[in-house]
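Please look over the sequence and the model shown here, and then read the notes on local structure that follow.

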Amino acid sequence: MTSDRDEILQAVSSAVLAVTRHLSVREVLQVIVRSAQRLLDARYAALGVPDDDGSFAEFVAEGLTDKQWDAIGPLPRQHGMLGAMLRDGAPARLPDLRSDPRFEWWPKAHPVMKDFLGVPIRDGEQVLGIIFLANKRTAGGFTEADQELLTLFAAHAAIALTNARLYERGRELAMLEERNRMARELHDAVTQKLFSLRLTAQAAATMLHSAPDKAAVELERVQRLAGEALAELRAVIVELRPAELDRHGLAETLRKHVRMLDRLHPSDVTFECDELPPLDPEVEVALLRVAQEALHNAFRHSGAARISVRLAREGGRLALSVRDDGAGFVREATRGLGLESMRDRAESIGGVLTVDSGAGDGTTVRVEVGV
């Protein structure tokens, strides 16, 4: 049992370190699930955090591929065994989940799960979530000792999850304060410009027939004011950080974006990601925008059958690459592809953008930045 407790301490340490590395709640959940799966040698592991609408606000799992997830469909509801555990707040250890009267059904593509072990993650009387394992790799199924081990792990996981939520909430409050500041800037700068523009346009209209030369001067001023207002509006919008990044971080936001595009387009779109270090918010925003622009170009111009997005750690640098096997392009035909915008974003975070392409050879857009 001593070695088991050592493993628990290591697993809990990983979850706690995930919080101190400023990862999102979802990433902390993933660390917890992977640790539990490894700790108890299970083929499948999952953790669900309930919402108030009968579903799960977060649900992460190990042992399933992205394609299996897509085939299974929507997240589970709070019914069957999961619903019973949420209501009762009690652990469940079963030799065969399917024979339990609380079991209801699985979607068609759901893997068959037999031996089952689930325990609640509690904060006092409140059930924060459920962690469960299925199909122990060693013969005999889950034991009473396994249940004690997972219960002990869940108690520590509750601390890691609570801390992650507190950190994320603090981060959201900080971002809200920043957005309010930018909203004030938007009001102070752009609203004044638009007010001046309106008055100038009205003046030009009154002089159009009586003093056309003066009206032309006023119209030039209208054009200048409109350009200044547009530039300031763009500057504020560029500063705004997508809400998904606040909640999920760069890796999960990109994964969800790629999964959505894979469903919407005939191209096969994939995503790979190494474990990421903590990233500055500016780096996350810039890399997300570059990836989105590169993907947009690939869908619109390349005719690719396969598109891959990858985030990789290479020494002390982080590399984002978007690669397609489409038609490619020659340098003279790049106008309208947003390359200057992507390059500006990369340079704004001290990164370097490279584009490797040729007619008929596909295209790779790559950004490298120090982390």
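Is glutamine 37 buried or exposed? Glutamine 37 is buried, with a relative accessible area of 15%, where buried means under 20% relative accessible area, exposed over 50% and partly exposed in between, for a 1.4 Å probe and protein chains only. The model is predicted, so that local features need pLDDT of at least 70 and side-chain atom pairs count only at pLDDT 80 or more, while totals for chains, interfaces and linings use all residues. Residues are numbered from 1 along each chain as its sequence is written, and side-chain values use heavy atoms, with hydrogens and water left out.

Two buried polar residues can be set out together, each with its helix; helices (H or I, at least four residues) and strands (E, at least two) are DSSP runs, numbered from the N terminus.

| Residue | Helix | Relative accessible area |
|---|---|---|
| Glutamine 37 | helix 2 (residues 25-40) | 15% |
| Aspartate 146 | helix 5 (residues 144-207) | 9% |Leaving aside neighbours within four places in sequence, glutamine 37 is in contact (heavy atoms within 4.5 Å) with residues including Ala45 and Glu62, whereas aspartate 146 is in contact with Leu40, Leu117, Lys136 and Gly141.

Alanine 45 also stands opposite glutamate 62 in strand 2. Strand 1 (residues 42-50) and strand 2 (residues 56-62) pair in the antiparallel sense over 6 bridges, pairing being assigned if DSSP finds at least two bridges between two strands. These strands form a hairpin with 5 residues between them, and glycine 54 in the turn has a positive phi of about 85°. Strand 1 is also joined by 6 bridges to strand 5 (residues 126-136), which runs antiparallel to it, and there leucine 47 has isoleucine 131 as its bridge partner. Of the 9 residues of strand 1, 7 are buried.

Key. Contact means heavy atoms within 4.5 Å.
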